[in-house]
Amino acid sequence: MDIIILGGGVIGTTTAYYLAKAGAKVTVIDRQSDVAMETSFANAGQISPGYSTPWAAPKIPQKAVKWLMQKHAPLAIRPDGTSFQMTWMRQMLANCNAIRYQINKERMMRISEYSRDCIGTLRNEIGVGYEHRTGGTVQLFRKPAQIQAMHLDTKVLEECGVPYEILDADGLVNAEPALAYATAPLLGGLRLPNDETGDCNLFTKRLAEHCTSLGVTFKFDTNIDNIIFENQTIKGIIAGGETLTADGYVMAMGSYSRAMLLPLGLNLPVYPVKGYSLTADIIDETKAPISTVLDETYKIAITRFDNRIRVGGMAELSGFDLSLNPARRETLEMVTKSLFDGGDLPNAKFWTGLRPMTPDGTPIIGATKFDNLFINTGHGTLGWTMACGSGKLLCDIITGKQAEISLEGLDMSRYQK
């Protein structure tokens, strides 16, 4: 079986690995010079199944109105000149209720928990190293309302069998000793001990090397211009001036997937949500985190690598704009200094990327109305968390193997009802 994968981020590369391992002949096509050069390049670094939470949540509309008027808000909206932006936001608002939140969170956690197991198995099988840690995630609460809202999340955690610990202020310091130096007013937190961390870019590059040993071909610096189809079958793709054909095709182009599939009559509700990160060398170990800490107030994650910290967050709805906004850097630095002032922030690398997000937060994984076209995109801020599980699931779907978890609610059909 010949498979062409469109997109060489962490999603496309993990999908290639599982397909090649299953015996398929795989080609991965990407416009960049290497794998993981766009959304997967400098994300927040956490593998957080327990924190797999939809952005569409109860009270988010009210919070969003307040955020739009705050200097250091986690959300910004700028019209991008398309009707799709408004349609997507309306769809997201329709999911901002308790019933939809629990349904969506369960779906996201189902994939994320499975993915965490998959990456552990993969790590043991091929010995890939990516500055990973298995110290869990601590979610910080600065306000009483956040502690109250936590109980909605812990209910879903219990239903999914995910362990957690509720922490008071002293418990926060026990979990992350450097918080003893924090200047932020911290009331408590939620610790998810099974979560992990790691450098997504490093993981993807090293996995790609292993994929090559399995026979995977990577075609870099190659633009994908068009998809050729007839009736319900994909006949080939035009990329880099040549026509390439295969038995099956996987769309894994992140935020750019929608534009590629619109001519085929597939309207993916995937919008590019812009995020930012800082990567700083550690200059004071005593004031650096040991794993991942999530600031619930600012929706910012601070993650520990070997000798660096990665600070990631923010959400801008502004289309495909990739300019670096200095105000976002100011917010990332402000939050980091208030919690972990042990990084060389003045010399930190500032980066931005586009997360492909669906209105309900759950990715789109599965078959389409075309008998040989499959989708693996829409993971939002959780592409790194969900990558291995998503790749394994899609591999099982393509090869006809029984999936190891339920596929309910994961494919495109939930948007076609």
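Buried means under 20% relative accessible area. The views below show a predicted model.

**Figure 1. A salt bridge within helix H4 joins Arg116 and Glu113.** Glu113 has a relative accessible area of 15%, so this residue is buried. Arg116 counts as buried because its relative accessibility is 11%. The closest N and O atoms of Arg116 and Glu113 are 2.6 Å apart. Helix H4 covers residues 98-126, and the two residues are 3 residues apart in this helix, which means about one helical turn separates them. The rule for salt bridges gives a count of 26, and the pair of Arg116 and Glu113 is one example of a salt bridge.

**Figure 2. Glu316 forms a salt bridge with Lys274.** The closest N and O atoms of this pair are 3.9 Å apart. Glu316 is part of strand E17 (residues 308-317), while Lys274 is part of strand E14 (residues 271-281). The two residues are 42 residues apart in sequence, so their salt bridge ties together separate parts of the chain. Glu316 and Lys274 are both buried.

**Figure 3. Glu316 also forms a salt bridge with Arg328.** Here the closest N and O atoms lie 2.5 Å apart. Arg328 sits in helix H9 (residues 326-339) and Glu316 in strand E17, and this pair, 12 residues apart, links distant parts of the chain. Arg328 has a relative accessibility of 12% and therefore counts as buried. For Glu316 the relative accessible area is 1%, so Glu316 is buried too. Through shared partners, salt bridges join Arg78, Lys274, Glu316, Asp321 and Arg328 into one network.

**Figure 4. Thr13 is a buried residue in helix H1.** Helix H1 runs over residues 10-21. The relative accessible area of Thr13 is 0%, so the residue counts as buried. A polar atom of the Thr13 side chain lies 3.5 Å from the backbone oxygen of Gly8. Leaving aside residues up to four places away in sequence, Thr13 touches Gly8, Val35, Thr204, Leu207, Ala208, Cys211 and Phe218.

**Figure 5. Domain 1 and domain 2 are each built from several stretches of the chain.** According to the domain assignment, domain 1 consists of residues 2-40, 202-269 and 361-415. In the same assignment, domain 2 consists of residues 51-81, 131-196 and 271-357. Taken over C-alpha atoms, the centres of the two domains are separated by 29 Å.

**Figure 6. Domain 1 meets domain 2 at an interface.** On the side of domain 1, 14 residues are in contact with 13 residues of domain 2. About 1100 Å² of area is buried between the two domains, and carbon and sulfur atoms give 63% of this area. In domain 1, the residues that lose the most area to domain 2 are Thr39, Ser255 and Thr381, and together they make up 39% of what that side buries. Across the interface there are 3 residue pairs in polar contact. By class, the side of domain 1 that touches domain 2 has 4 nonpolar, 9 polar and 1 charged residues. The count of salt bridges between domain 1 and domain 2 is 0.

Conventions
Residues are numbered from 1 along each chain as its sequence is written. This is a predicted model: local features need pLDDT of at least 70, side-chain atom pairs count only at pLDDT 80 or more; totals for chains, interfaces and linings use all residues. Side-chain values use heavy atoms; hydrogens and water are left out. Domain bounds come from an automatic or database domain assignment. Contact means heavy atoms within 4.5 Å. Buried area is the accessible area (1.4 Å probe) that two parts lose on being put together, summed over both. A salt bridge is a side-chain nitrogen of Lys or Arg within 4 Å of a carboxyl oxygen of Asp or Glu. A polar contact is a pair of N or O atoms within 3.5 Å; within protein, one must be able to donate a hydrogen and the other to accept it, and residues adjacent in sequence count only if both atoms are side-chain atoms. Ala, Val, Leu, Ile, Met, Phe, Trp, Tyr, Cys and Pro count as nonpolar, Asp, Glu, Lys and Arg as charged, and the others, Gly among them, as polar. Helices (H or I, at least four residues) and strands (E, at least two) are DSSP runs, numbered from the N terminus. Buried means under 20% relative accessible area, exposed over 50%, partly exposed in between (1.4 Å probe, protein chains only).
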